Amino acid sequence: MRWVRCGLLLSWLAATGTAVAAPQPLQFDTTHSRFGFEIRTRFGQRIEGQFPRFDGWITVLPDGRHQVRLRMFTQYVEIPGKPRYTGWMRGEDFFDAQRHPLVEFESDPYDPDIVERGGSVQGRLTIRGISRREVLHLEQPECARPGYDCDLVSRGTVQRGRYGMDSWQFALGDRVTFILRTRLVGASQP
């Protein structure tokens with residue numbers, strides 16, 4: 001509700017011509033959020049990875065819509081308990097962390113009430129210096145204050161070959177699903 005109230009207030013102030021300082025971005029809580037991904041082998045095994053280092057924020061635009069920006073640091077990507085797989089993921093056949101230290105997503109502006117009902121957020125994903133239009137699907141929340149009292153959960157599936165990660169096709173599937181469980185900093189009091 002905080003997002004909706006903030007967006008409505010900004011819209012009203014803009015419509016009345018009242019000068020308003022731009023609100024501070026809503027920062028992701030990197031301690032309580034989790035950014036990960038899944039990829040399947042050709043034999044049906046699911047491999048789960050995570051980005052232990054990331055950041056993100058939501059900007060409230062002057063018209064009340066929101067825009068999200070995510071950055072995941074590839075040099076820290078890991079497949080827990082599997083150091084060899086971790087090395088492959090960081091290596092030049094996959095994320096190529098030496099040359100491409102970030103995976104980034106910048107959304108198109110969206111209506112903030114999507115947080116309360118779930119839905120799709122479109123934007124531009126950049127992996128290995130290649131940018132493409134992709135969609136994150138925000139799940140319907142399980143609480144009244146999503147991002148504070150429960151995770152904002154979103155998923156997006158991409159084809160890794162479209163981003164130059166086409167090695168190991170004989171062993172790994174082409175689809176990678178990013179799973180983001182997000183909390184926001186500074187929970188307001190109910």
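**Exercise 1. Sort the lining of the second largest pocket into nonpolar, polar and charged residues.**

Solution.
- Work from the predicted model. Start with the residues themselves: Thr-41, Phe-43, Gln-45, Ile-47, Arg-84, Tyr-85, Trp-88, Met-89, Phe-94, Trp-168, Ala-171 and Leu-172 line this pocket.
- Now sort them. Nine are nonpolar, two are polar and one is charged.
- Next, find the main contributor. Helix H2, residues 83–90, gives the most, with four residues.
- Finish with the volume, which is about 170 Å³.

**Exercise 2. Describe the largest pocket by volume, centre, lining and class.**

Solution.
- Take the volume: about 270 Å³.
- Go to the centre. Out of 16 lining residues, Arg-34, Phe-35, Gly-36, Gly-49 and Gln-50 are the closest to it.
- Assign the lining to strands. S2 (34–41), S3 (46–50) and S10 (172–182) supply at least two residues each.
- Which strand gives the largest share? S2 does, with five residues.
- Classify the lining: seven residues are nonpolar, four are polar and five are charged.

**Exercise 3. Locate the largest nonpolar core and its best-connected residues.**

Solution.
- Recall the general trend: in soluble globular proteins, nonpolar side chains tend to be buried together.
- Count the members here. The largest nonpolar core has 37 residues.
- Pick those with the most contacts inside the core: Phe-35, Phe-37, Phe-51, Leu-70, Met-89, Phe-95 and Ile-127.
- Trace the core to its elements. Strand S10 provides the largest share, four residues.
- Link back to the pockets. Phe-35 is among the residues closest to the centre of the largest pocket, and Met-89 helps line the second largest.

**Exercise 4. Characterise the disulfide and decide whether each of its cysteines is buried or partly exposed.**

Solution.
- Count first: the structure holds one disulfide.
- Identify the pair. Cys-143 and Cys-150 are joined, with their sulfur atoms 2.1 Å apart.
- Read the handedness. The angle about the S-S bond is -80°, and the link is left-handed.
- Check Cys-150. Its relative accessibility is 10%, so Cys-150 counts as buried.
- Check Cys-143. Its relative accessible area is 22%, so Cys-143 is partly exposed. The cut-off for buried is under 20%.

**Exercise 5. Place Gly-129 and state whether it is buried or exposed.**

Solution.
- Find the segment. Gly-129 sits in the loop between strand S7 (119–127) and strand S8 (130–138).
- Apply the cut-off: exposed means over 50%. Gly-129 has a relative accessible area of 58%, so Gly-129 is exposed.
- Add a spatial partner. His-100 lies 29 residues away in sequence, yet the C-alpha to C-alpha distance from Gly-129 to His-100 is 6.7 Å.

How values were computed: Residues are numbered from 1 along each chain as its sequence is written. This is a predicted model: local features need pLDDT of at least 70, side-chain atom pairs count only at pLDDT 80 or more; totals for chains, interfaces and linings use all residues. Side-chain values use heavy atoms; hydrogens and water are left out. On a 1 Å grid over the protein atoms alone, a cavity is a set of points where a 1.4 Å probe fits but cannot get out, and a pocket is an open set with protein on both sides within 12 Å along at least five of seven lines; lining residues have an atom within 4 Å of a point. Grid points are joined across faces, edges and corners, and a volume is the space filled by probe spheres set on the points. Ala, Val, Leu, Ile, Met, Phe, Trp, Tyr, Cys and Pro count as nonpolar, Asp, Glu, Lys and Arg as charged, and the others, Gly among them, as polar. A nonpolar core is a set of buried Ala, Val, Leu, Ile, Met, Phe, Trp, Tyr and Cys residues joined through side-chain atoms within 4.5 Å. Buried means under 20% relative accessible area, exposed over 50%, partly exposed in between (1.4 Å probe, protein chains only). A disulfide is a pair of cysteine sulfur atoms within 2.5 Å.
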